[in-house]
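I opened the notebook today to go through this structure feature by feature. Here is what I looked up, in the order I did it.

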Amino acid sequence: MTTTVGRYIGQSVKRREDPRLLTGHGRYVDDVQDAGTLHVAFVRSNVARGRITELDVSEARALPGVEAVYTADDLNPMIQQYWASMMGPRIEMGGESVYPPVSVLAPGDVRYVGDPIALVIATSRYIAEDAADLVVVDVEPQRPVLGLREPITNTDLVHPETDSNVSQTMPLPEIPEIEALFANAPHVVTRTFAGARATNVPMEPRGLTVHYDRYRNEMLIRAATQSVHEIKAFAARLTGVPESNVRAVADDVGGGFGQKMMVMREEAAVIMAAFKLGSSPVKWIEDRRENLMASNQARSEEGDLTFAVDAEGHIMAVKCNFFEEVGAYPPSAGATAMLAIGVFTGPYKIPIIIPGCTAVYTNTVGKSAYRGPWALETIFREQMMDHVAREIGMDPIEFRRINIIQPDDLPFKTATEMTLENITPSETLEQVVEMLDVDSFRAEQARAKAEGRLLGLGIGGYVEPSAIAFGVLNSDPAVMTMDVSGKVQVRLGTGSHGHSIETTIAQVVATHLGCDIDDVAVIQGDTATSPMGPGTGGSRTAVIAGGAAQTASIEMREKLVRIAAQLLEASPDDLEVNGGVVSVKGTPQAAIPFAQLAMTAHMAPDMLPEGMGPGLEVIARYRPPTEFTWSNATHGCVVEVDRETGMVDIKRYIVSEDCGQMINPMVVEGQIAGGVAQGIGGVLFEDMAYDSDGNPLATTFLDYLLPSAPEMPDFEYGHVESMSNTLGGYKGMGEGGAIASPPAVANAINDALAQIGVPALTRFPFGPSQIIDAINAG
């Protein structure tokens, strides 16, 4: 038996989602207008830390059209369980709580600006907002706990229920033999790097509608979520409603980047409010100000790095000590530095790493996943590679070449006991260097300097632990059915929010089943019809959901071939599958289309092979052979820095990506472009700053600056396709663009500034004011 593999995989098939999404016919959570829906508005704190001395909701409750006003006293005591499936039940680890204290509304004190104090339910959002304005709240301000290092020893506590502001910690060890190595190394370079606090800013903010029928004890949730099964399970734990009685639906979802993976406090509060109300649907749609000031934030991180390097430029050992803010209420543990430490060595042969990390609670918005949540390891390490190279008098590209993992080194065990295989960091580096034509650029850079212009070149590389496969993320399902007409439906536990899953999974199925892509329907986003899976995140879908779809396709194809062999009185080994037809090799007239085979399976079971039951259904679940499927890339960036204004113009941006077998090159390049745009924003524009009183300073797009099309260069792509050890040879790549772009841009800016003797910048953002200050100080 043979099939035509490659007919769709590797082709830039046009996205099947685009006709409805690009013409405005998508269906997002706010587009669903159920009769009798009530609307929610939150009363939020305008103080970062303080005790609530007065909370009077009587006037709000009396406003016509208001159905209910709930406070912490109404909802918090009703909470049954409050934990995320990805992290597991609330436990203690080493004396430190994995989660912050439980509350959906402020429990007598407020802990960040935007902290929800009360929830208003009314017949319209307008009335709900008016009623929220009538709630009387007095807060006695207290000194907020802020910063990355100060909270460690601060006796003021973000959470009075705890005895420390430290969320998680792993102290940096002192090992005498390693200290001696650093003391005697030919070169020792130390730097501190800092990220700029950022937020995900999906096109569609958070939102959900919850309808609880108390008489049936059933709950229907429509949500903007990355995982319908997670919000279903969370709601069941939260309220005590049996999970079998909860249904969650996500139609089109307008982006997430990690923000919609976990259930946050406002969503939990709406679920609790609908449960308490027990009648009409209750809807909350987050507005943009709420999204900026109260949804998750990330990247508020610092790293102290020290590299020991020998006389030839080989890295001998590294110390890295990371500090991160997790805010007041991270929806999960929040901390990601431990994972970052595990992959810190990246694409380099670093023999020794001495790690430490500390995560602290602060009176700011909680930290949660943002595209590449472990990205600090690459962002800091790749900047450090340039800093070290320049300090020891070596070209940064050559320094990378000396230390990078070569093909002959694989499989390579890192200093953190990770085994890297099927990666191509040296190949992607050389491809970027060739595409950049570095020698020609350096000549151009010299000519530009003579003209008073500053050009710079930067490189950033990474090895990414994609397709995370442990805990609840260990596997993904696919349920495939074929109807009487021969059309195929594949049901997944994924949750698309811009990933082209409807297209790419159809390509996988059509290729391995041997049918036309138009005969494949991909179904997801409804717990009533989709098998249980962890949703979409962690660069998992192509590898794990794709593996499940491929497994189901092959099993379905084998069933069809067995039926055809019975009907054609032929051996299965003599049959081939192509274009939705099973035929005898070399005898195309001896053929049966899928529709006839399906009709036999569904309507004439007595004609099926012995032992085969009626119908055509396959249930598959795929778990990769390892917990991580490694992917890698190298980015190259050329910038021009205006020495008078500090403005940065990105002249070229090149990416060499190895994500294994590309299912759809157009989708791959789209994912890269989106990630790179976010990474550029994190260096040049975005900064979710707070003042000394804990007030957020960027609650509109006038202050929180996003990159837009005019600031983006034309991206140039190179591809290296080395197969992974997973089904199909796929690797994850959804986050890589956002991981390598910040250091590539930062290194290019510092390369430009170095020509006039300006010390390298180390703290994001690298905006015009920061660049001009550095030039003036240099």
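Before starting, I noted the rule for a polar contact: a pair of N or O atoms within 3.5 Å, where, within protein, one must be able to donate a hydrogen and the other to accept it. I also reminded myself that this is a predicted model.

**Entry 1: Lys260**

I began with a lysine in a loop. Lys260 is placed between strand S15 (246-249) and helix H8 (265-277). Is Lys260 buried or exposed? I found Lys260 buried, with a relative accessible area of 2%. Next I asked which polar atom lies by its side chain. A polar atom of the Lys260 side chain lies 2.6 Å from the backbone oxygen of Glu204, and the limit for a polar contact is 3.5 Å.

I then listed what Lys260 is in contact with, leaving aside neighbours within four places in sequence. Among them are Pro202, Glu204, Pro205 and Arg206, then Ala224, Thr225, Gln226 and Ser227, and also Val253, Gly254 and Gly255. I checked one C-alpha distance too: Lys260 and Ala223 are 37 residues apart along the chain, and their C-alpha atoms are separated by 9.3 Å.

**Entry 2: Ile404**

My second loop residue was Ile404, between helix H12 (396-403) and strand S21 (412-413). Ile404 counts as buried at 5% relative accessibility. Not counting residues up to four places away in sequence, Ile404 touches Pro347, Tyr348, Lys349, Asp409, Pro425, Ser426 and Leu429. For Ile404 and Asn776, 372 residues apart along the chain, I read a C-alpha separation of 36 Å.

**Entry 3: aromatic rings**

How many aromatic pairs does a search of the whole structure find? I got 11. I looked at Phe193 and Phe380 in detail: their ring centres are 6.2 Å apart and their planes are at 20°, so I logged the pair as stacked. Phe193 sits in strand S11 (residues 187-194) and Phe380 in helix H11 (residues 376-391), so this pair ties together parts that are 187 residues apart in sequence. Both rings belong to buried residues: Phe193 has a relative accessible area of 0%, and Phe380 has 1%.

Phe628 and Trp630 came next. Their ring centres are 5.4 Å apart with planes at 55°, so that pair is tilted. Phe628 counts as buried at 10% relative accessibility, and Trp630 is buried at 7%. I also saw that ring pairs link Phe193, Phe322, Phe344 and Phe380 into a cluster.

**Entry 4: charges over rings**

I noted two arginines here. The charged end of Arg237 sits over the ring of Trp83, 3.7 Å from its centre. Arg265 lies over the face of Tyr329, at 3.7 Å from the ring centre.

**Entry 5: helix H17**

Which residues of helix H17 (residues 594-603) are buried? I listed Phe594, Leu597, Ala598, Thr600 and Ala601. Viewed down the axis of H17, these buried residues fall within an arc of 160°, so they line one face of the helix. I looked up their cover as well, and it includes helix H15 (501-513), helix H16 (541-568) and strand S24 (476-482), together with strands S27 (575-578), S28 (581-584) and S29 (587-593).

**Entry 6: a three-stranded sheet**

I finished with an open, antiparallel sheet of three strands in the order S7-S3-S9. Strand S7 (109-110) and strand S9 (136-141) stand at the edges with a single partner strand each, so one side of each has no neighbour in the sheet. Six bridges join strand S3 (residues 50-56) to S9. My last note was that Asp56 stands opposite Val136 in S9.

Terms used
Residues are numbered from 1 along each chain as its sequence is written. This is a predicted model: local features need pLDDT of at least 70, side-chain atom pairs count only at pLDDT 80 or more; totals for chains, interfaces and linings use all residues. Side-chain values use heavy atoms; hydrogens and water are left out. Rings of Phe, Tyr and Trp (its six-membered ring) pair if their centres lie within 6.5 Å; planes under 30 degrees apart count as stacked, over 60 as edge-to-face and the rest as tilted. Helices (H or I, at least four residues) and strands (E, at least two) are DSSP runs, numbered from the N terminus. Buried means under 20% relative accessible area, exposed over 50%, partly exposed in between (1.4 Å probe, protein chains only). A charge sits over a ring if NZ of Lys or CZ of Arg is within 6 Å of the ring centre and within 35 degrees of the ring normal. The arc is that of the directions from the helix axis to the C-beta atoms. Contact means heavy atoms within 4.5 Å. Two strands pair if DSSP finds at least two bridges between them.
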